[in-house]
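Got your viewer open? Load the model, switch to a cartoon, and follow along from stop to stop.

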Amino acid sequence: MSHHGVGLRAVTRSVAFLTAGVLAVPLVTACGGDQDEESKPLAGQDIAPAARAELADGGTLRWAVDSVPETLNTFQADADAATTRVAQAVLPSMYRLDVNGRPQRNADFLESAKIVETEPRQVVLYKLHQQAVWSDGREIGAADFAAQWRALSGRDSAYWTARNAGYDRIEKVQRGANDLEVKVTFSRPYADWKSLFSPLYPKEVMGTPDSFNDGARRRLKVTAGPFGLKKVARADGDVVLVRNPRWWGRTPRLDGIVLHAVPRDKRAEALAAGKVDVAEIDPAEAERIVLAARGKSTPLQGPGAALTPARALRSWALAHGSDDEAAGAEAGARRKQRAAAAEYAEQQQSLSAFEVRKSLEPAYTQLALNGADGPLADERVRRAIARALDREEIAGLVLKPLGLPAVPVGSHLALSGQAAYADNSGALGGQDTDEAEALLADAGWVHGGPLGKPRKKDGEKVAGGEGKKAGGRSAAPKASPKASPKTSAKASPKAGEGSGDDDGTYVVGDDDKPYGEPVREDHQNPQDHRDHRDGAGKKNLAQDGKQSVRKHPEQGGAPGAYAPKGTPAPAGAAGALAKDGKPLTLRFVLPSGPGSATLRAVGERIARMLDRVGIRTAVTKVSDDSYFKDHIASGQYDLALYSWPASAFPATDARPIYAKPVPAADGSLNVEQNYTRVGTDQVDQLFDQAIATLDEGRSASLVRKADARIWAAGGSIPLFQRPQLTAVRKNVANLGAFGFQTPLYEDMGFLKKGVTPGSRPSSRP
């Protein structure tokens, strides 16, 4: 979903989050859910638009990706953002997303597409572009549509598909009145029919299980887009795309595009070295580029100040975690520092050829509350946590330093600008400390209980901890392997080492020391492990969590240690909330890697807010590789932060995220992608109604009502839309931070010599 495109459907939003729990409140109508007034994206796209006549003919664009894709088949479980990028450039799609995240007919492939019958069955008639052909000269037609339907219908288990939503509702695919017409008949009404056949693979790929499972992983012999796939050079980290000579649309301005694998923490160096022309970057790298563009100044000297060797050393030292580069250093170490600073200064000069283009990504970060068991199984506790949070403050923490709109996300199912968007947060209510405390008291959690975590007997878990093996979090529920939540690096999470990767646990609220200030950085979600170093490289609590809050010793006795069971809070202290002799301490799992500093900063701010109402958080840092697989998907957490991509088709893509978990045949809980394990029958029913309603306005209204119920259940709390920062060479146009829109690869290019770029949004992060 990234995101930016992570193909909103390729890594898809059919990734999920939500699960066990019953919502005992009347149906809540979406705030403004039935109104026709359209929302607008919070931030416009920033792509340096230019007319095609202003672009040079030719050139090869080098575009950074996280890795060479493991597969070129977007319908497989290990497809990632690079898979989607290739598919967008070389394969047909019947619909694309516009700047508002809404599907629009792709005129290069479709002359028209509409519902021509509703009784007794829904029938959609596609009329294909007369010149639409595959790269081998064969016409695109019904045989390709039929092969894709059969492969993705779910009827043949030999096809290793990651998703079949929508295709499982098709009854048959037929040739129409001529070779350019395709008739698709549905067995059940399907509102999101525009989501299908985008991308469309040739029958050579979809025709057999072998060609689907293996044939399209490393190569695509037949394509049909403005570009074709020349080669995948895994050893070089390159995917090479070249102009498609059979392309019938607007001729691409570029000769080719090379997708080059560059780790997130090496993007600035790769840009400076001329290895790539375009790269998604983190705030720290964005700050470097902006400073370079202003005259190679440093944060201390201001715009226009020359980057002298001394200042370069100072700037390098700040960026690498030291503000006293000479103190206590040996002569050899100082020489190494000077050499590194000189290299840094040279890189800054090269980075002045780039600018930062920014927008908001079509994805949002949320706080997940695992409602499987423990304190969070109680809806009142979940709702109390939501009422304790100041979402505006959290959004401002991340987005204000970047100059982006710091508006909290008001929907789980859409983002501002999309048809289904409405701010339904009122179903739960805004920040209200008194209300949060009242909800907790009603749930039996009272002040004056024991401080810290009570001593454990063998086999006993902390209240709100890992839970019980039987039906709890230690017995990993069946989470869907088909897709995962969007991640900053936009790559599928790797299997980690489980709890052995924990980087220590400390309890926020265990003493009265300050928490430190969070850093300004990008954030991550379970599939996205980026390097988001602090712009100045300074260590603080948000980065390592060890300066202001001490780890628990094994026994009580010292300030902040575990107190004996039943010990009251000292006079004047807020004290932890307690119930049945146990404090309300929730396990807050956060990633520990260098690419996760913003998530940790947000986590620390949330922990402070919860501490104000007496909820303590046992913050556990785990490796990035382990974070999603061993903790989020398996349910080994109480609180966690991760992101979800937005979808133009929420009735289809969001259902597995919020569907009520059901018991499997073996007694385990099948959560699909509902990782908070909070769901209700009413939400499921509203999704079912929305997907079967062919009236688009009515379907959107039902989605909004479902969202209001999801808010009221309190299983997850949307926080902010993710920032999208892209470094682009200044003479590259029609490329950058796309926001919702599907990129137009044929319009990307280098400006002609002498052409002055038009007015562009500020690139200041």
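Here is a short tour of the whole chain, two helix pairs, a loop residue and one more helix.

**The whole thing.** Keep in mind that you're looking at a predicted model. Colour by secondary structure and you should find 19 helices and 24 strands. Of the 765 residues in the protein, 61% are buried. Switch on the surface: its accessible area is about 28300 Å², and carbon and sulfur atoms account for 49% of that.

**Stop one: α18 and α19.** Select residues 681-691 for α18 and 696-713 for α19. The axes of α18 and α19 sit 8 Å apart, at an angle of about 165°. Angles over 145 degrees count as roughly antiparallel, and α18 and α19 are therefore roughly antiparallel to each other. Look at the handedness too: α18 passes α19 in a left-handed crossing. Now show side chains. From α18, pick Gln682, Val683, Leu686, Phe687, Gln689 and Ala690; what they meet in α19 is Ser699, Leu702, Val703, Lys705, Ala706, Arg709 and Ile710. Sorted by type, the residues of this contact between α18 and α19 come out as 8 nonpolar, 3 polar and 2 charged.

**Stop two: the loop in between.** Centre on Leu694, which lies in the loop between α18 and α19. Is Leu694 buried, exposed or partly exposed? Leu694 is partly exposed, because its relative accessible area is 30%, and the partly exposed class runs between 20% and 50%. Leaving aside residues up to four places away in sequence, Leu694 touches Ile115, Thr118, Gln122, Pro189, Tyr190 and Ala191. Try a distance label as well: the C-alpha atoms of Leu694 and Asp192 are 8.4 Å apart, though 502 residues separate the two along the chain.

**Stop three: α11 and α14.** Jump to residues 391-399 (α11) and 597-611 (α14), which pack at about 155° with 11 Å between their axes. That angle makes α11 roughly antiparallel to α14. On the α11 side, the contact is made by Glu393, Ile394, Leu397 and Val398, and on the α14 side by Thr598, Ala601, Val602, Arg605, Ile606 and Met609. The residues of this contact between α11 and α14 split into 7 nonpolar, 1 polar and 2 charged. As for handedness, α11 passes α14 in a right-handed crossing.

**Last stop: α5.** Select 209-218 and highlight Ser211, Phe212, Asn213, Ala216 and Arg217, which are buried. What covers these buried residues of α5? Among the covering elements are α3 (142-152) and α4 (203-206).

Definitions and conventions: Residues are numbered from 1 along each chain as its sequence is written. This is a predicted model: local features need pLDDT of at least 70, side-chain atom pairs count only at pLDDT 80 or more; totals for chains, interfaces and linings use all residues. Side-chain values use heavy atoms; hydrogens and water are left out. Buried means under 20% relative accessible area, exposed over 50%, partly exposed in between (1.4 Å probe, protein chains only). Helices (H or I, at least four residues) and strands (E, at least two) are DSSP runs, numbered from the N terminus. Contact means heavy atoms within 4.5 Å. Accessible areas come from the Shrake-Rupley method with a 1.4 Å probe; for residues, only the protein chains shown count as cover. Axes are lines fitted to C-alpha atoms, for helices over the stretch in contact, and angles run from 0 to 180 degrees between N-to-C directions. Angles under 35 degrees count as roughly parallel, over 145 as roughly antiparallel, 65 to 115 as roughly perpendicular and the rest as oblique. A crossing is left-handed if the near helix is turned anticlockwise from the far one by less than a right angle, and right-handed if clockwise. Ala, Val, Leu, Ile, Met, Phe, Trp, Tyr, Cys and Pro count as nonpolar, Asp, Glu, Lys and Arg as charged, and the others, Gly among them, as polar.
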